Amino acid sequence: MTIKPKTGNNNLPKVFIKTFGCQMNKLDSELIFGSLVKKGYMLVSDEEIADVILFNTCSVRQKAEDKVYSQLGRLKKRKEERPDLIIGVMGCMAQNEGEKILERMPHVSLVCGTRMFLKLPSFLEEINRSNRQILAINEDVTVDYDRLVTQRLNRFSAFVSIMRGCDNYCSYCIVPYVRGREFSRSVEDIVNEVKGLVDDGCKEITLLGQNVNSYGKGLHSNSTLATLLQKLDTVDGIERIRFVTSHPKDMSKEILEAVGELRSVCEHLHMPAQSGSDRILQKMRRFYTSSQYRELIDMARDLVPDITIASDFIVGFPGESDDDFNDTVTLMKEVRYQNCFTFKYSPRTGTYAEKFVDDVTEEIKKKRNHILLELQSEISTKMNKEKIGKSVEVLVEGTSKTDKSKLTGRTRQNQIVVFHSPERFFPEHSISDSRAGDPSSFIGKLVNVTINDATDLTLYGCVRE
Ligand code: 5AD
Ligand code: SF4
């Protein structure tokens, strides 16, 4: 350990990590944190006292990159005041922008791409020693990590990456360029990691990948997502397994059967449609039609009657006419999603769609986005209100942000539930238990909640007496 602390009484150098973008980035930040803790760093939540500030970034839309540039700009003055402060950019934008970041923001010391982040501790030592800038965006390496399972921000719920990269090259998407080719981890590695997490108190595992449905491609074991789910379901102590994201073209009956039949696999799918127009789907290079997509939804509901489904939609893709957009509106109405993420198309340099003229005006993109958001909110409200009077199983995640006397958690179907503190319903917590009456002592427990109210994003209730 050659890095010396620069602030505070504590002897450990302090690192602050801000994460942008998807769940894979959140996981990577946790892995980075684990690798830094092994080397004697300490994570802080206050950027002001940090010796090292890291941004783990996203490139999916231009706005995500603009946000990071603006945050980096803001730090210029701090770096002038404290020249030994290390500012680093990691992840997709680091891979995408590379040297440009160092040119535009010379006070940045480190640009570290999507496949080099586990080398971070040695990069930091090198910067500390030589005071030189480091650009590490090598593409010919696979991410191979030994996870420090004890270093997690959430004790009872964890992400596990089962594959990385993407071979799909949807025409609008930059991910295959910044995250590289698809690579599946071995079943053995995944099962061992999950066992380690469960031994450390984890109850819920979310399997992550850009396209989890094609898990197993390139492995010699004939493994698929369905067989992996079967294996993981047998791990002792595991309560809930989720997986994201599903590409419709790789969805199979076997996967849906696994969701329906396996005890721990939650009844929820995130299966982005992106558009309801066949013409646009073809231009997006999605390799399915809207009717094939509808058939998959029907099969999912047939095999898993209480399943909830989420989707992503892009509005204003080049050439999207009113008719194309109306096809999306119709699909959204018919499917009745639990929730949807909607995005205005953002052209990305190097993608296939870059050659199309970005001809839908910002105003129309905004209007279409607003229409989808309103429609989805109406659908979600109706679907959530259907839950009133019913009992749902909730994994308690924490206290409610707006009312500390209430708890919050998720159902198996991924709905957020806010409910009254259940202290008096847990007789095993006696008066002598110092945690009795403290709602946070229920974090990580499974409770049954009866729903008495609902909005588009939240179910409200109380613990069943
Ligand atoms: N513009 C807008 N949205 C995009 N997405 C991916 N690329 C773009 C882009 N260029 C959306 C897709 C994807 C989600 C993660 O981000 O809907 O599913
Ligand atoms: Fe991007 Fe398509 Fe791969 Fe998803 S499946 S990461 S949208 S290229």
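Me: Before anything else, a definition: two strands pair if DSSP finds at least two bridges between them, and strands (E, at least two residues) and helices (H or I, at least four) are DSSP runs numbered from the N terminus. This is a predicted model, where local features need pLDDT of at least 70, side-chain atom pairs count only at pLDDT 80 or more, and totals for chains, interfaces and linings use all residues. Residues are numbered from 1 along each chain as its sequence is written, chains are lettered from A and ligands numbered from 1 in the order written, and side-chain values use heavy atoms, with hydrogens and water left out. So how many bridges join S1 to S3?

Reply: S3 covers residues 52–57 and runs parallel to S1. Val 15 has Val 52 as its bridge partner there. The number of bridges joining S1 to S3 is 5.

Me: And which residue in S2 stands opposite Lys 14?

Reply: S1 (residues 14–19) pairs with S2 (residues 42–43) in the parallel sense, over 2 bridges. Opposite Lys 14 in S2 you'll find Met 42.

Me: How are the axes of H10 and H12 oriented, roughly parallel or roughly antiparallel?

Reply: The axes of H10 (residues 253–261) and H12 (residues 290–303) come within 9 Å and cross at roughly 30 degrees. Axes are lines fitted to C-alpha atoms over the stretch in contact, with angles from 0 to 180 degrees between N-to-C directions. Angles under 35 degrees count as roughly parallel and over 145 as roughly antiparallel, so H10 to H12 is roughly parallel.

Me: Which residues of H12 make the contact (heavy atoms within 4.5 Å)?

Reply: H10 brings Lys 253, Leu 256, Glu 257 and Gly 260. From H12 come Leu 296, Met 299, Ala 300 and Leu 303.

How values were computed:
Angles under 35 degrees count as roughly parallel, over 145 as roughly antiparallel, 65 to 115 as roughly perpendicular and the rest as oblique. Contact means heavy atoms within 4.5 Å.
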